[in-house]
Amino acid sequence: MPHVTMTGIAARRLTGGLTEFDVEADTVRRLITELDRRYPGLGQQIDESMAIAIDGEIFQDAYLEKLRPESEVVLIPKIGGG
Amino acid sequence: MSKHHVTTTINGEPAEYLCEAQQTMLDVLRDELGLTGSKEGCSSGDCGACTIICDGNIVCSCLMLGVEAEGRDITTIEGIARGDELHPVQQKFLEHAALQCGFCTPGLIVAAKALLDTTLNPTEEEARYWLAGNLCRCTGYDKILRAVMDAASVMRAEAGR
Amino acid sequence: MPRVNYAAPSSVDEAVKALAGASGLAKVLAGGTDLLVQLRSGRIKPDLIVDTKRIPGMIGIRDEGNFFVIGAATPGVMLSSHAGLEHAWPGIVEGADLIGSTQIQGRASLAGNLCNASPAADSVPAVIAARTIVVIAGANGRREAPAEAICTGPGRTSLATGEFIVEFKIPKPKAHQCDAYLRFIPRTEMDIAVVGCGTNVTLDANGVCTDARVVLGAVAPTTVIVEDAAKALIGHKLDDATLAALDKAAQAACKPITDKRGTIEYRTKVAGVLARRTAAIAFERAAAR
Amino acid sequence: MSYLDKAALKVVGTRPIRPDGVDKVIGRASFGADMTMPGMLWGKVKRSPHAHARITKIDTSKAEKLNGVLAVVTAADFPNIPNEEAFVGEGPMNFRDLSRNCMARDKALYDGHAVAAVAATSSAIAEEAVDLIEVEYEVLPHVIDVEEAMADGAPLLHDDMFTQGIEPKPEKPSNVAKRITFTKGDIAKGFAEAELVIERKYSTQPVHQAYIEPHACVVSYGSDGQCTVFSSSQGQFMVRAYCAKLLGIDMANIRAIPAEIGGGFGGKTLVYLEPVALALSKKCGRPVKLVMSREEVFRGTGPAAGGVIEVKIGAKKSGRIVAAELVLKYQAGAFAGSPVGPGCMCAFAMYDLDNVHITGYDVVSNRPKVAAYRAPGAPNSSYGVESCVDELARELGIDPLALREMNAARDGTKTPYGPTLVNVGYIPTLEAAKNHEHYKTKLGPNQGRGVASGFWFNIGGESSASVHVNEDGTVAVVEGNPDIGGSRASMAMMAAEVLGIPYEKVRPVVGDTASIGFTFLTGGSRVTFATGMAVTQAAEKVVEQLKSRAAAIWDISPEAVEWKDGKAFPAGSNAGSFEPLSLADIAVKSGRTGGPITAEVSINAQGAGPGFATHICDVEVDRETGHVKILRYTAVQDVGRAIHPSYVEGQMQGGVTQGIGWALNEEYIYDKNGRLDNPGFLDYRVPVASDLPMIETVMVEVPNPRHPFGARGVGEVPIVPPMAAVANAIADAIGTRMRDLPMSPPKIRAALDEQEPPRLAAE
């Protein structure tokens with residue numbers, strides 16, 4: 001089951017301070033859906049302001065991306081640039 | 001107050017225009033004559049993007065009045081190439097990738113061309129000081145200097161032939 | 001924006017008449033590198049601009065026996081390409097050459113630099129150090145004044161309404177006399193001097209200073225002729241003790257302000273540094289002739 | 001497909017002349033201010049002279065009566081936008097804040113804040129009209145400095161701003177918009193194990209992006225509601241989105257046409273003028289041109305954030321870092337949104353650390369709203385961290401490159417912000433720097449050498465590209481990113497490589513918002529990566545079509561056709577015996593084989609590989625004046641794969657030079673009333689040609705497997721190391737550490753005077 005870590009603190013108020021979760025999901029979309037089910041509002045927070053690092057590679061707005069059972073998933077602030 | 005009638009030479013061609021006394025040469029080139037190759041980056045003589053050649057000397061066209069051009073000989077970026085043949089400075093800017101955004105480029109090319117009109121043997125340091133009035137924020141000047149020095153060597157070879 | 005009128009007279013008399021007849025503010029346009037910036041920013045709103053560049057003699061350098069006579073609107077580029085002037089007064093040429101970029105050099109003039117009346121003007125210290133005479137035209141005819149008499153404060157001059165500078169008379173150097181100008185700026189180009197220093201020295205055959213003028217820029221409301229600095233040099237060779245005395249005299253003459261270009265403390269220290277460095281260059285040059 | 005075998009490449013990796021080059025060297029390229037429209041008016045913005053003031057009344061009647069004035073607008077002419085955040089430009093943008101930044105509503109929050117605008121038949125009349133607009137202000141106390149803004153009792157910019165990230169929610173409003181933290185391991189345990197702890201405070205100043213082209217646009221708002229916006233920006237789709245949102249216009253009614261852009265560096269990733277020009281144009285029914293003066297650019301746009309960086313590093317005597325702590329306080333300007341997040345995330349990203357704690361504060365003050373600037377956030381925190389690491393190396397007597405190598409992030413390193421790194425090339429940059437001849441040369445008196453490293457994520461994102469085969473066998477590529485530094489060339493090169501045709505046969509065009517699919521803006525070092533991926537895929541789709549067209553001509557199965565060197569071949573003898581067909585042969589018959597050959601690809605590119613850089617800088621210090629001369633500079637960077645090496649080098653050289661400016665002289669100088677005292681290139685001192693040596697570059701290529709050619713973003717990381725590299729070199733030269741930017745001559749002289757009495761000074 002993918003292990004999810006949330007860094008930064010923007011969304012912690014929605015999770016009651018929890019930052020690590022095990023989530024049964026094989027795509028990013030399903031991961032977000034499940035997190036939002038557990039912590040209502042977190043899905044929107046992820047959509048609007050977070051990127052998802054899967055096994056070290058950063059994905060932004062990537063519902064279709066596949067997750068493996070042993071994937072390391074990290075929710076980080078979205079990144080822009082100059 | 002009536003406008004001033006000015007008769008002058010721009011890029012080797014006779015030019016006539018009407019302008020108000022407070023209009024700068026840059027205003028006249030861009031807004032009255034449609035020569036928008038000279039750029040306005042600061043309007044205070046600090047960036048060099050509006051550089052033109054007036055009677056053989058480079059000047060900031062933002063610091064010259066349009067009326068002052070009466071009877072002068074003006075060259076702008078639009079007059080640097082010889083017909084469809086690029087000036088060596090222009091060609092070397094392309095070959096050395098000496099431009100990124102290209103906004104400072106017209107002023108730099110006019111200034112560099114004037115340098116090589118003065119000497120075909122500038123040292124890198126001389127070229128750097130000559131071009132110090134032309135700000136470029138993209139390139140760090142490295143490739144610009146390489147282009148100018150390379151153009152000088154091409155022109156030396158041409159002159160020696 | 002109220003409209004401006006423009007005149008390009010072809011003689012000094014015409015220019016005087018135009019300036020005298022102006023209703024409101026009339027400004028003289030030589031190189032225009034300060035005037036146009038002020039015009040553009042709205043800091044000045046002249047009613048008339050009088051372009052003096054079409055008056056014969058206003059542009060050019062003449063060798064007249066004991067003097068170099070430089071037309072008031074002569075652009076910097078002509079000064080630095082005049083071999084005789086550069087040989088005689090390298091410091092004056094260095095100062096003029098430091099006014100702005102190559103583009104500015106194509107326009108900026110000694111008269112403009114002097115009459116803009118900035119204490120930081122680069123050409124002024126060496127011009128004053130050489131005891132230059134300025135020729136002024138006005139409704140009452142011509143008069144002469146020492147260069148140091150022109151600027152009376154930031155942006156203010158002693159020129160009467162309708163007067164303008166026609167030419168600069170720079171005395172030729174005596175034996176073993178030479179000058180130097182240095183300024184300090186944060187970059188290597190394109191800045192206004194944080195401090196400027198023009199030093200003009202005359203030596204005897206043994207390298208002992210017999211006459212000197214040390215002029216500082218940007219350390220007071222006007223350029224400063226530092227009498228004590230000259231005293232520190234006269235009668236001495238340029239040894240460490242003389243340099244230390246010079247440094248001290250230069251610092252003591254400073255009454256700078258703190259602004260975006262430098263602090264009081266920093267300007268004062270650098271004035272001492274530049275006094276020493278220009279003296280070293282001027283001594284070396286003077287000794288070599 | 002993948003093209004990672006460098007030896008097989010014919011076009012990628014060469015240095016052809018950019019397709020838009022000639023237009024740009026002869027003065028024909030059309031930048032923001034170069035366009036005109038029939039019947040066009042000239043606009044001008046009136047700006048607040050106060051750093052902080054309530055706007056009690058605006059009387060526009062005198063301006064409206066002036067002959068030649070056709071429209072005057074104030075905030076009353078714009079919709080009052082609710083508090084709503086979205087990711088349109090570079091970083092989250094609050095539309096209410098953006099609207100109020102374009103035109104002040106109720107309060108002016110900084111010197112230069114727009115309060116009204118006019119459109120008139122000439123620029124002179126517009127200027128006169130601006131002076132006739134009467135604005136009554138109630139001047140309020142202001143605050144400029146970041147730590148003063150955080151202090152109790154500081155003047156508050158926004159009554160409704162409560163610090164986010166603190167639980168429970170604070171009861172009192174504050175200038176601190178947000179507090180964020182990142183934690184890894186156990187910081188207390190880490191410091192307990194440390195044999196040496198260095199704790200330092202550093203500061204940086206906000207700096208302007210200082211693109212040479214001032215912001216400019218020409219717009220028209222038709223009576224049918226259809227708008228055209230021609231402007232210089234880093235993204236036409238960004239311009240369209242913001243104008244639509246701020247003015248309540250359907251996107252379909254806005255056609256945003258990208259002008260050539262005269263530099264941006266992040267500073268043109270948001271709008272200032274376009275919505276104002278549209279509001280003016282709507283009011284009078286005429287096209288309107290708005291162009292900023294340089295003074296307006298300095299007072300009203302940018303800058304990059306500056307801030308305070310508090311670093312604490314604990315290490316073993318061996319040099320192994322065992323704990324690192326960081327507090328960042330970043331300037332956001334008048335509205336929330338400094339890049340403190342990426343500042344936190346990049347700070348220790350070069351290191352493999354077990355125990356890290358990072359806290360960041362986003363702080364508003366009475367300065368212009370910050371805009372992105374090359375690797376936004378990273379240069380500030382990296383200046384602090386890389387200076388502190390240098391202090392550590394000196395204290396321990398370890399070579400600074402060796403210390404970095406000992407602690408370097410590598411594949412498998414879990415970063416302080418969470419993810420585990422893959423396919424990164426940091427250590428190769430350290431090795432290349434160590435082995436570079438520059439690192440071995442001897443230094444003279446008053447000279448010093450410094451090194452520093454930097455990290456930037458790089459991004460991908462949404463991009464579209466289309467490839468059209470013309471009837472004569474030439475090819476058009478349409479992309480959606482303004483070309484800010486030669487990207488047309490890279491796009492054409494990648495298309496030519498895939499198609500197997502000469503580079504000169506491919507002509508790239510930057511499309512407007514109606515002629516190419518959505519493309520995220522030119523920023524985040526994303527264009528060659530993401531849009532290059534779209535171009536490559538579109539070209540591959542064209543190749544598939546070319547194969548099937550050849551198959552149709554030969555009347556064989558498409559699977560029996562191979563594409564090689566720009567030609568179709570039968571795939572082996574079983575496919576039949578045919579003379580190869582060139583792209584031109586197929587193109588001329590395309591009408592008979594199914595119509596025009598064209599492909600458009602829209603993607604959301606993922607997996608932009610991060611960039612690492614290591615820089616070496618030599619300086620010489622004039623001990624009497626404090627002047628620093630850059631003697632030599634070498635930038636080493638992992639670029640993935642250089643598509644057009646000259647433009648990659650150019651990005652590195654430009655970023656280094658901007659960093660040198662930030663290090664030595666660039667700063668905003670405010671007077672006691674909070675007015676900007678140096679809004680021009682005379683006293684805002686960017687580096688000039690004579691300030692610099694050549695900037696040497698070393699491109700390390702660790703290909704990014706996510707990109708068909710292995711490219712990584714290259715534009716941003718070059719600005720990250722220079723400030724520390726210069727500071728470390730100065731420390732090496734004079735033995736004194738400069739911890740506050742800029743390291744200008746007065747500060748260096750003062751530091752030297754504290755060291756020892758100056759030689760020869762008056763006694």
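Which residues of H8 in chain D are buried? Let's work through that one together, everyone. Keep in mind that we are looking at a predicted model.

H8 of chain D is a helix covering residues 274–284, and it is mostly covered, with 9 of its 11 residues buried. Here is the roll call: D:Glu274, D:Pro275, D:Val276, D:Ala277, D:Leu278, D:Ala279, D:Leu280, D:Ser281 and D:Lys282. Just past the end of this helix you'll find D:Gly285, which has a positive phi of about 75°.

Now, please hold on to one name from that list, D:Val276. In the largest nonpolar core, a set of 446 residues, D:Val276 is among those with the most contacts inside the core, together with D:Ala495, D:Val726 and D:Ile730. Helix H16 of chain D, residues 527–554, gives this core its largest share, 12 residues. As a bit of background, nonpolar side chains tend to be buried together in soluble globular proteins.

Let's zoom in on D:Ile730. If we skip its neighbours within four places in sequence, its contacts are D:Gly448, D:Val619, D:Val621, D:Val628, D:Met738 and D:Met743.

Last stop: the place where chains C and B meet. Here 24 residues of chain C are in contact with 27 residues of chain B. On the chain C side, the elements giving two or more residues are strand S1 (5–7), helix H2 (35–41), strand S3 (48–51) and helix H6 (102–105). H2 of chain C supplies the largest share of that side, 4 residues. And what is that side made of, by class? Chain C brings 11 nonpolar, 8 polar and 5 charged residues to it. Thanks for listening!

Notes
Residues are numbered from 1 along each chain as its sequence is written. Chains are lettered from A and ligands numbered from 1 in the order in which they are written. This is a predicted model: local features need pLDDT of at least 70, side-chain atom pairs count only at pLDDT 80 or more; totals for chains, interfaces and linings use all residues. A nonpolar core is a set of buried Ala, Val, Leu, Ile, Met, Phe, Trp, Tyr and Cys residues joined through C-beta atoms within 7 Å. A residue is buried if 20 or more other C-beta atoms lie within 10 Å of its own, exposed if 12 or fewer, and partly exposed in between; C-beta atoms are placed from the backbone. Two residues are in contact if their C-beta atoms, placed from the backbone, lie within 7 Å. Ala, Val, Leu, Ile, Met, Phe, Trp, Tyr, Cys and Pro count as nonpolar, Asp, Glu, Lys and Arg as charged, and the others, Gly among them, as polar.
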